[in-house]
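Reader: I have the sequence and the model before me, and I should be grateful for a close look at one single part of it. Please define each term as it arises.

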Number of protein chains: 2
Amino acid sequence: MQIDDTDRRILRQMMAEPGLPSAELAERAGVTPATCWRRIEKLREGGVIRGEEALIDWHALGWAVEVSLRFTLDKTNPRAFDEFTAAAREVPEVIEIQSFLGSTDMRLQVIARDMAHYQEIYRNRILTLPHIAELDALMLISTIKSSAELPI
Amino acid sequence: MQIDDTDRRILRQMMAEPGLPSAELAERAGVTPATCWRRIEKLREGGVIRGEEALIDWHALGWAVEVSLRFTLDKTNPRAFDEFTAAAREVPEVIEIQSFLGSTDMRLQVIARDMAHYQEIYRNRILTLPHIAELDALMLISTIKSSAELPI
DNA sequence: ATTGAAACTGCAACATT
DNA sequence: AATGTTGCAGTTTCAAT
């Protein structure tokens, strides 16, 4: 999609301070509220803004364990990717799925209430995913979203 | 923080359909708008809802390259973690920073306009980060957020 | 780009359970 | 102590100009 400097200012502002009142967002981007609104509408239609998201702190909710799992799949089956992804989507504790080019094929981010709970998910929901050839796990300590000056 | 079923329904609804008008959110959660608002207020205060975020599709914006980088740090220096993290935060193209327990210490998610741009970032901003002992990179093909029935 | 009308939101006051 | 009701000023959305 085609983007100009005005769009860029709006996007940068939206990322820097999400939830800013739209009048103020418009002012900071240097446009009138109506223009700002129409621009955002087009950015949505164009797929640049895919939606909004409520940021949930799983730790504050009592989900103490977060794990990043890397998978190599058995690529002798050409449908391995699709079937693995479809199965992973069915596991509610899987909160992110990424696919890669290279030796590692997939990465899943998984949350659990505690270690016992994680063990259960791991054994019954993760190890049972189809087409796994190899897998290694990393316990997450913390996630930081870089909010420094954004590259657009 | 203490959460009851009403909070859970509100949170689930907020995650399932972010940006839903507040009156409708309340209705679907089975509470009146005022109650819904008060609950959300408390969830914010309690740190369970950390904020909202606009989901930007970097690919649609012309940022074609996304890479996941895993680092092992030189732990002979006890400040390796802090210094690495602080330096990584200064790189605008780094959009996520995670730290782990185990052999892999950190993971960075990096975006770039194209391969040439990525090369430049990689050489000048990534390899220059302090205390790197080892590092491997994975080219991202796609990210899927699991939106299946949420585990709360 | 500006105006303006209709709808919606955030928040408060007060009564209710 | 938490909930529901009502109310309203301010904001947002969106069409007409």
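**The protein surface at the DNA**

Author: In the side chain of B:Arg38, an N or O atom is 2.8 Å from a base nitrogen of DNA strand D. Such a pair is a polar contact, that is, a pair of N or O atoms within 3.5 Å; within protein, one must be able to donate a hydrogen and the other to accept it, and residues adjacent in sequence count only if both atoms are side-chain atoms.

This is a predicted model, in which local features need pLDDT of at least 70 and side-chain atom pairs count only at pLDDT 80 or more, while totals for chains, interfaces and linings use all residues. Residues are numbered from 1 along each chain as its sequence is written, chains are lettered from A and ligands numbered from 1 in the order in which they are written, and side-chain values use heavy atoms, with hydrogens and water left out.

Two further residues reach the phosphates of strand D. A phosphate oxygen of DNA strand D is 2.3 Å from a side-chain N or O atom of B:Arg39, and a polar backbone atom of A:Ser22 is 2.6 Å from a phosphate oxygen of DNA strand D. Two elements give two or more residues to the surface near this strand: helix H2 (22-29) of chain A and helix H3 (33-45) of chain B. Here helices (H or I, at least four residues) and strands (E, at least two) are DSSP runs, numbered from the N terminus. H3(B) supplies the largest share of the surface near DNA strand D, 5 residues.

The full set around DNA strand D consists of A:Pro21, A:Ser22, A:Ala23, A:Trp37, B:Thr32, B:Ala34, B:Thr35, B:Arg38, B:Arg39 and B:Lys42. Of the atoms of DNA strand D that come within 4 Å of the protein, sugar and phosphate account for 71%. A residue is near a strand if one of its heavy atoms lies within 4 Å of it. By class, this surface has 4 nonpolar, 3 polar and 3 charged residues. Ala, Val, Leu, Ile, Met, Phe, Trp, Tyr, Cys and Pro count as nonpolar, Asp, Glu, Lys and Arg as charged, and the others, Gly among them, as polar.

What surrounds DNA strand C? Chain A provides A:Thr32, A:Ala34, A:Thr35 and A:Arg38, and chain B provides B:Pro21, B:Ser22, B:Ala23 and B:Trp37. For DNA strand C, sugar and phosphate make up 82% of the atoms within 4 Å of the protein. A polar backbone atom of B:Ser22 is 2.9 Å from a phosphate oxygen of this strand, and a polar side-chain atom of B:Trp37 lies 3.4 Å from a phosphate oxygen of DNA strand C. Helix H3 (33-45) of chain A and helix H2 (22-29) of chain B are the elements giving two or more residues to the surface near DNA strand C. H3(A) contributes the largest share there, 3 residues. This surface divides into 4 nonpolar, 3 polar and 1 charged residues.

One residue number away from Trp37 in the sequence stands a cysteine. A:Cys36 counts as buried because its relative accessibility is 2%, and B:Cys36 is likewise buried at 2%. Buried means under 20% relative accessible area, exposed over 50%, and partly exposed in between (1.4 Å probe, protein chains only). The structure holds 0 disulfides over all chains, a disulfide being a pair of cysteine sulfur atoms within 2.5 Å.
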